[in-house]
Amino acid sequence: TMKATFLLALALFAVCCCDCYLFAAISQSTASLAVQAVAKKIKSDRGAKSDLGNLLKVNQVLGYGSPKANVVAVRFEATFKKAGGITGDRGEMRGQVKASVEERDGKIGKVISCSVFR
């Protein structure tokens, strides 16, 4: 029938269009390891410390996924604080961190890219 032919054509179109975009799902534990690796890299980078301040904590993970094979992309919110005599919550800055990390067989490798949005 016409309806069956249309549904078959629609299914084939969906398979053809979406086939190249299927990647492995990333587990929450792998994403957590990637966030820890990025936070460690930010804490150890002198340029990031001078621009943003010290990374105090990761507030929440906003999202994660795998845009390419063997790559984990994470986005999280973090709190930074510049050194100085300001007490309490004053002097703190919250920013969104967007990063990509290498991943092989569930093991996290080096940080490929990292951006912080104030």
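pLDDT is the predictor's confidence in each residue, on a scale from 0 to 100. That score is a handy way into this structure, which is a predicted model. Across the chain the mean pLDDT comes to 82, with 75% of residues at 70 or more. The confidence is lowest in helix H1 (residues 2-18), where the mean is just 49. At the other end of the scale sits strand S2 (residues 71-81), which has the highest confidence, at 96. Over residues 14-22 pLDDT stays under 50, and the model shows zero contacts there beyond four places in sequence. Where pLDDT is low, the predicted coordinates should not be read in detail.

As for the overall layout, there are three helices and four strands in the chain. Going along the sequence, they come in the pattern α-α-α-β-β-β-β. Of the contacts between residues at least 6 apart in sequence, 48% link residues at least 24 apart. Buried residues account for 25% of the chain's 118 residues. The accessible surface adds up to about 8400 Å², and carbon and sulfur atoms hold 56% of that.

Next, the inside. The largest nonpolar core has 19 residues, and the ones touching the most other members are Val38, Ile42, Val74, Phe76, Phe80 and Val97. Helix H2 (28-44), helix H3 (46-52), S2 and strand S3 (92-104) are the elements that give two or more residues to this core. H2 puts in the most, with six residues. Val74 gives a feel for the surroundings of one of these members: leaving out residues up to four places away in sequence, Val74 touches Ala31, Ala34, Val35, Val38, Gly63, Tyr64, Val97, Lys98 and Ala99.

Thr30 is a polar-side-chain counterpoint worth a look, sitting in helix H2. Thr30 is buried because its relative accessible area, 12%, is under the 20% cut-off. Setting aside neighbours within four places in sequence, Thr30 is in contact with Val72, Glu103 and Ile108. Ser100, in strand S3, has a relative accessible area of 17%, so Ser100 also counts as buried. Beyond four places in sequence, Ser100 touches Val71, Val72 and Ala73, along with Val111, Ile112 and Ser113.

Ile112 belongs to strand S4 (residues 107-117). Is Ile112 buried or partly exposed? With a relative accessibility of 46%, Ile112 counts as partly exposed, since that label covers values between 20% and 50%. Apart from neighbours within four places in sequence, the contacts of Ile112 are Val71, Ser100, Val101 and Glu102. Ile112 and Val72 are 40 residues apart in sequence, and their C-alpha atoms are 9.7 Å apart in space.

Finally, the outside. Val58, Val61 and Tyr64 make a nonpolar surface patch of about 230 Å². Val58 is found in strand S1 (residues 54-65), and a relative accessible area of 30% makes Val58 partly exposed. Tyr64, also part of this patch, is among the residues that Val74 touches.

Notes
Residues are numbered from 1 along each chain as its sequence is written. This is a predicted model: local features need pLDDT of at least 70, side-chain atom pairs count only at pLDDT 80 or more; totals for chains, interfaces and linings use all residues. Side-chain values use heavy atoms; hydrogens and water are left out. Patches are made of residues with over 30% relative accessible area and no salt bridge: like charges are joined within 9 Å, nonpolar side chains (Val, Leu, Ile, Met, Phe, Trp, Tyr) within 5 Å. Accessible areas come from the Shrake-Rupley method with a 1.4 Å probe; for residues, only the protein chains shown count as cover. A salt bridge is a side-chain nitrogen of Lys or Arg within 4 Å of a carboxyl oxygen of Asp or Glu. Buried means under 20% relative accessible area, exposed over 50%, partly exposed in between (1.4 Å probe, protein chains only). Contact means heavy atoms within 4.5 Å. A nonpolar core is a set of buried Ala, Val, Leu, Ile, Met, Phe, Trp, Tyr and Cys residues joined through side-chain atoms within 4.5 Å.
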